[in-house]
Amino acid sequence: MPGKLKVKIVAGRHLPVMDRASDLTDAFVEVKFGNTTFKTDVYLKSLNPQWNSEWFKFEVDDEDLQDEPLQITVLDHDTYSANDAIGKVYIDIDPLLYSEAATVISGWFPIYDTIHGIRGEINVVVKVDLFNDLNRFRQSSCGVKFFCTTSIPKCYRAVIIHGFVEELVVNEDPEYQWIDRIRTPRASNEARQRLISLMSGELQRKIGLKVLEMRGNAVVGYLQCFDLEGESGLVVRAIGTACTLDKLSSPAAFLPACNSPSKEMKESPLAHPPSHGCRSTHNSPIHTATGSRLTQNFSVSVPTLIYTGMGSGSAGKEGGPFKALLRQQTQSALEQREFPFFTLTAFPPGFLVHVGGVVSARSVKLLDRIHNPAFVGIMGNTRSYKLLDWNSFNSDEPETRDAWWAEIRQEIKSHAKALGCHAVVGYSESTSICEEVCILSASGTAAVLNPRFLQDGTVEGCLEQRIEENLPAGCGFCHIPYDELNMPFPAHLTYCYNCRKQKVPDVLFTTIDLPTDATVVGKGCLIQARLCRLKKKAQAEANATAISNLLPFMEYEVHTQLMNKLKLKGMNALFGLRIQITVGENMLMGLASATAVYLAALPMPGGIQIAGKTPSDGSYEQHISHMQKKISDTIAKNKELYEINPPEISEEIIGSPIPEPKQRSRLLRSQSESSDEVTELDLSHGKKDAFVLEIDDTDAMEDVHSLLTDVPPPSGFYSCNTEIMPGINNWTSEIQMFTSVRVIRLSSLNLTNQALNKNFNDLCENLLKSLYFKLRSMIPCCLCHVNFTVSLPEDELIQVTVTAVAITFDKNQALQTTKTHIEKSLQRASTDNEELLQFPLELCSDSLPSHPFPPAKAVTVEKASPMGEGNFRNRSAPPCANSTVGVVKMTPLSFIPGAKITKYLGIINMFFIRETTSLREEGGVSGFLHAFIAEVFAMVRAHVAALGGNAVVSYIMKQCVFMENPNKNQAQCLINVSGDAVIFVRESELEVISTQQPTANCQQSCAGGEVTT
Amino acid sequence: MTSELDIFVGNTTLIDEEVYRLWLDGYSVSDAVALRVRAGILEQTGATAAVLQSDTMDHYRTFHMLERLLHAPPKLLHQLVFQIPPSRQALLIERYYAFDEAFVREVLGKKLSKGTKKDLDDISAKTGITLKSCRRQFDNFKRVFKVVEEMRGSLADNIQQHFLFSDRLARDYAAIVFFANNRFETAKKKLQYLSFGDFAFCAELMIQNWTLGAVGEAPSKPDSQVDDMDMDLDKEFLQDLKELKVLVADKDLLDLHKSLVCTALRGKLGVFSEMEANFKNLSRGLVNVAAKLTHNKDVRDLFVDLVEKVHLGPQFVEPCRSDHWPLGDVRLFLNQYSVTVHSLDGFRHQALWDRYMDTLRGCLLRLYHD
């Protein structure tokens, strides 16, 4: 599909004065794509030039369309000397390459210069005409949609979730090329920005090709990162989850499972291979009984029929044959994949069957000579560590990096297997680089998945039914996936407090979001484990060895801290766990953040008991008992604060904040059926007891103290690092996304581990306190998706970057809206028929009585709106479009409270460098970075607005690398951000739109008429 | 442990009104922190002093970055860097250009030049307003003056258009610009009892009636090259005012005028006898003020003259007050005094008289207070 790119330069405004004599500017514009450049006329003597250029047309390959950014340079014409550059705009035209996203990019873009920042704005219109050309051997992957969102995007449903896609590209870093010695900082920065833009484009194209190979049409949970490896180069890598998504267009498309070949053909640009239809790979029943894994795939012999009628008798026995069958199926589906990983953190209902625990792996690598130790460990419920063999590689090509990651992924996979799981969800990868040492990390949550979404639609309906019935909502995912008799690690197991049929662990750690159907008691809260370890400065291998020796201890301590803090909160599960290990010259930092909750299905956590090792003198004893009392008081206080009143066993339903009727009946039934097991439960509850902390030296004392220093947020504030706060669901529409950065300088005199820990702890706590103070006007509110990033830019500097969103909520409506909210959150990726029935009900309650249309009609139109073809698209544009600068919301969440996302316009992935040689004049480091981050936000908003959007969801600042040299009055900063540009419509405005567009409804339902099974 | 860098950037720029006020008032960060502590914010929020310091620094940095945009308010509306809701933008502009009564009284009518700027530290010492705040207010006056100086059309409208002020603030600035341009004396001791509001009121009346802009729409002067329509007084009009002298110079006319006024007001005025006794002096005062406006120097002294030289007994405004003429009586008298002129057959400058007297009457009534 070659295409024609058309660009028009309309006007400029607020240009800087380039000619001191006249206080004006003679501006013109260069438009460059690939190797072709066009120029506008010079618009003499104006700071607000009106070029109104012709359409500049570039005839290009689609491969180039995907890789290259459109580069617009604004210059000041100078008759006698070289023209001065005012600044540049890079426009990623990718969103124009798939039909469902934006059709035109048009708007005011800030003109950006890496030395001066934003210098005025330019109005540009960009269009692409694609020619259809079904070349099978093409290198491009136009048409594959990319989403940063780590759940199925709101206006789509997942037909198939194919699985993991990854790719990386390596290049020399322009900053380290010989030419950098002779070129200006500006030229060097621009070369870097352009190169990274190109590399991201290439990477995205390659990932797209992989998706097409898998016959998918989209990548969800797309995470792209840069590793600035210095001398050894620049790595751009990305991971994501390939899916086949189906647009939720009309109710007709809702009902069918959408697996008909004709539909598929339309969805995926490539034709199906003949094998596609009969690829399903269930194991034969005989093998299932033994529970052994098979490496070969068998053709199906409808195994489901054999098991009908056996399900109910299986309670209490390792999940019974049904579970085994399920595992077999999933396993076989997943075994075709090299890595059964999913970057998603939230899933369609029924997708997640069981969760095993967090699996993570780390590896220390040397960037120049590759000859280094590797370390891998499992986190979560296990604490097993082992050192891998020393691997050697000898080239610095992408293959090397690929091999590094492959090795880590392999490790993750085997950890998951050890937990009895065949898949890893909530998977992510990261690096920390200091000089030539690089720590590669990967983590995720081992899980057992429902094969329904993984295979190409050959799973029989009756099996699905059975799965649904066998998994009690709200607790199923907590049930252990591993074999009770053959546990991979020591754990207390009890019968599930919810259904009483299956075993559950005493605590559960995961990297995913809280499943929407999970039954939670009270509210959740953010907890963090913070840790520093000094290390000697060393070179190369000695350094790498020192680091890998320290890592197990750090992981262990982080885990212990998390466990202690979790108990202190009186909670029993962690979601969204993210452990970041950062390497510096002379220290290692560990920061773990997670959202703690009380899962009704898990046992009540025991308290913390303190034991002194040497009970010698009385004052010590007294001290211990004093501490014990403080801890017990804190636990009691926390329980009150977070409203954790775990119900008595017999009344547990009443206390649950999510009394879903369907679930309730199931609960009651299960209780009556298994009444004799209750006694057994109680017994086991008695056995499991307090967590003992031994205070045998000052270190341990410190630890206990630090436990108590964490101050809860002021009243009216809650915080979590997941998408939604467990226990709060009546969000109001006010949101405030922010980034806060702090750098502290450590005094080098007293650098002990304790002092370091205290400094780091204070830094994080103070930062949180500042946030609470700053956002106090939003109370009651919740900080969601709190994302801390730690870096060690220099010897004695610690940098912490936080991005989060504050969302207000209504304190009073909590109870009434609980149910509606659940229904709403289920819409995320609705496939179930019952939701279809619930949906109109919900709308019914929302819509005004005076509404001229019956509610059902409103629903269909609402669903139709994302289709947004032609004129309708304009109507759904944000209402603020006619004001001078439209408001663009930004949020790290995948949704906007009180609003409906009607269209995804494409991903935003931007990389900026800013440098200054007049740091003092720009307000010092704080002034410099403050201005830069504000500018980055502005550029993101401008791009979204130009795409026709009014919000960025799943926004993330992936990198914020800040370097300063105050002596030279210089500083440099690199920022990489990404997110999904969307159009949202307030729920209150939806009805207005639906009245405007009664005809759209008709058309959509006619078009979506193909009914499939 | 020292914080090297500490920033907070919101997608929507956070504006703390309280901190904004402290910043506008010219307090340093440490002073502002101290003032916030004194206001009891720590107790209310449970925050620490360090948090407050960081928060204040952050807001100050934001305001500092916004200041450049505030110098040209339309830029604030069109810029892309700070996402600020329109109501907040309006608040930022309005507060930034707001001024202290004490300060404006010091510079009202003065030339907005470097010389005056040098006196700002004296003003600061005298008024207790920080020098920083004085500078901002002075620069605001000067900035607005420079922008609208050369423009045609309504002064207040021009200001509103280019600075996006509220109606009230735009009219205040119109008065300030008008006074600065015509250099009316306002600092004399005798004028100290007058507020900025009094002067702004008079300015508005004069702009409406006495400037070129006031007759600008008249077809007689369609495309006159006179630019500052609303800022300069109509020179021709001022010249013509000499003609009004006939009202006091012509004895017959003066007597007729007096008898008509007295007939009309007999029994209605509490201070009738004083008025009757002083009528000639009063009339002379009112008309002489008009006649003096021919010279630039005397134009500047308009307000001094109004207070000192309009005769009622020896003086107008002041004596009235010392004799306790009630405001109602003054109004009655002035109304009757100006209306009655229409009945003087020998007097030919009725239009001129109205243009002069309507404004003057308004001003006098406004200035007539304690």
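The paragraphs below lead through parts of chain A and chain B of a predicted model, beginning with chain A as a whole and ending with a helix of chain B.

Chain A contains 23 helices and 35 strands, and of its 1013 residues 61% count as buried. Its contacts can also be sorted by separation along the sequence: among those between residues at least 6 apart, 77% join residues at least 24 apart.

One sheet of chain A is an open arrangement of four strands in the order β9-β11-β12-β10, with mixed pairing. Here β9 (145-146) and β10 (156-171) stand at the edges, and because each has a single partner strand, one side of each is left without a neighbour in the sheet. The parallel part of the pairing includes β9(A) and β11(A), which are joined over two bridges, and within this pair Phe146(A) has Val219(A) of β11(A) as its bridge partner. Strand β11 (residues 218-228) of chain A also pairs with strand β12 (residues 234-247) of chain A, this time in the antiparallel sense and over nine bridges. Along that pairing, Val220(A) is bridged to Thr241(A) of β12(A), while Phe226(A) stands opposite Val236(A) in β12(A). The hairpin of β11(A) and β12(A) has five residues between its strands, and there Gly230(A) takes a positive phi near 70°. As for its surroundings, β11(A) has nine of its eleven residues buried, so this strand is largely enclosed by the rest of the structure. Helix α2 (residues 185-213) of chain A lies across β9, β10, β11 and β12 of chain A, and its direction runs at about 135° to β10(A).

A further sheet of chain A is likewise described as open, with four strands in the order β22-β24-β25-β23 and mixed pairing. The edge positions are taken by β22 (508-509) and β23 (520-534) of chain A, each of which has a single partner strand, so that one side of each is left without a neighbour in the sheet. Strand β24 (residues 573-583) and strand β25 (residues 587-599) of chain A run antiparallel and are joined by nine bridges, and one of the residues concerned, Phe575(A), has Thr595(A) in β25(A) as its bridge partner. Helix α10 (residues 540-568) of chain A lies across β22, β23, β24 and β25 of chain A, running at about 150° to β23(A). Helix α16 (residues 753-774) of chain A packs on this sheet as well, touching β23 and β25 of chain A, with a direction that makes about 140° with that of β23(A).

The path now turns to strand β29 and to a place where chain A meets chain B. Strand β29(A) is mostly covered, with eleven of its 15 residues buried, and twelve bridges join β29(A) to strand β31 (residues 797-809) of chain A, the two running antiparallel. Arg745(A) is bridged to Leu797(A) in β31(A). Within strand β29 (residues 731-745) of chain A sits Gln736(A), which counts as buried because its relative accessibility is 5%, below the 20% under which a residue is called buried. The neighbours that Gln736(A) touches, leaving aside residues up to four places away in sequence, come from both chains and include Leu775(A), Met778(A) and Val805(A) as well as Gly10(B) and Leu14(B). Its side chain also reaches backbone atoms of chain B: the backbone nitrogen of Asn11(B) is at 3.3 Å from the side chain of Gln736(A), and the backbone oxygen of Thr12(B) lies 2.7 Å from a polar atom of that side chain.

In chain B, helix α18 (residues 272-292) has 21 residues and reaches 29 Å from its first C-alpha to its last, close to the 30 Å expected at 1.5 Å a residue. A kink of about 65° is nevertheless present in α18(B), centred on Asn278(B). Asn278(B) is itself one of the buried residues of α18(B), which also include Phe272(B), Met275(B), Phe279(B), Leu282(B) and Leu286(B). The buried residues of α18(B) pack against α16 (246-249), α17 (251-265), α20 (302-308), α22 (327-340) and α23 (350-367) of chain B. Of these partners, helix α20 of chain B holds Leu306(B), which is buried with a relative accessible area of 0%. The C-alpha atoms of Leu306(B) and Cys363(B) are separated by 9.0 Å, although these residues are 57 residues apart along the chain.

Methods
Residues are numbered from 1 along each chain as its sequence is written. Chains are lettered from A and ligands numbered from 1 in the order in which they are written. This is a predicted model: local features need pLDDT of at least 70, side-chain atom pairs count only at pLDDT 80 or more; totals for chains, interfaces and linings use all residues. Side-chain values use heavy atoms; hydrogens and water are left out. The expected span of a helix is 1.5 Å times one less than its number of residues. The bend at a residue is the angle between axes fitted to the seven residues ending there and the seven starting there. Buried means under 20% relative accessible area, exposed over 50%, partly exposed in between (1.4 Å probe, protein chains only). Contact means heavy atoms within 4.5 Å. A polar contact is a pair of N or O atoms within 3.5 Å; within protein, one must be able to donate a hydrogen and the other to accept it, and residues adjacent in sequence count only if both atoms are side-chain atoms. Two strands pair if DSSP finds at least two bridges between them. Axes are lines fitted to C-alpha atoms, for helices over the stretch in contact, and angles run from 0 to 180 degrees between N-to-C directions.
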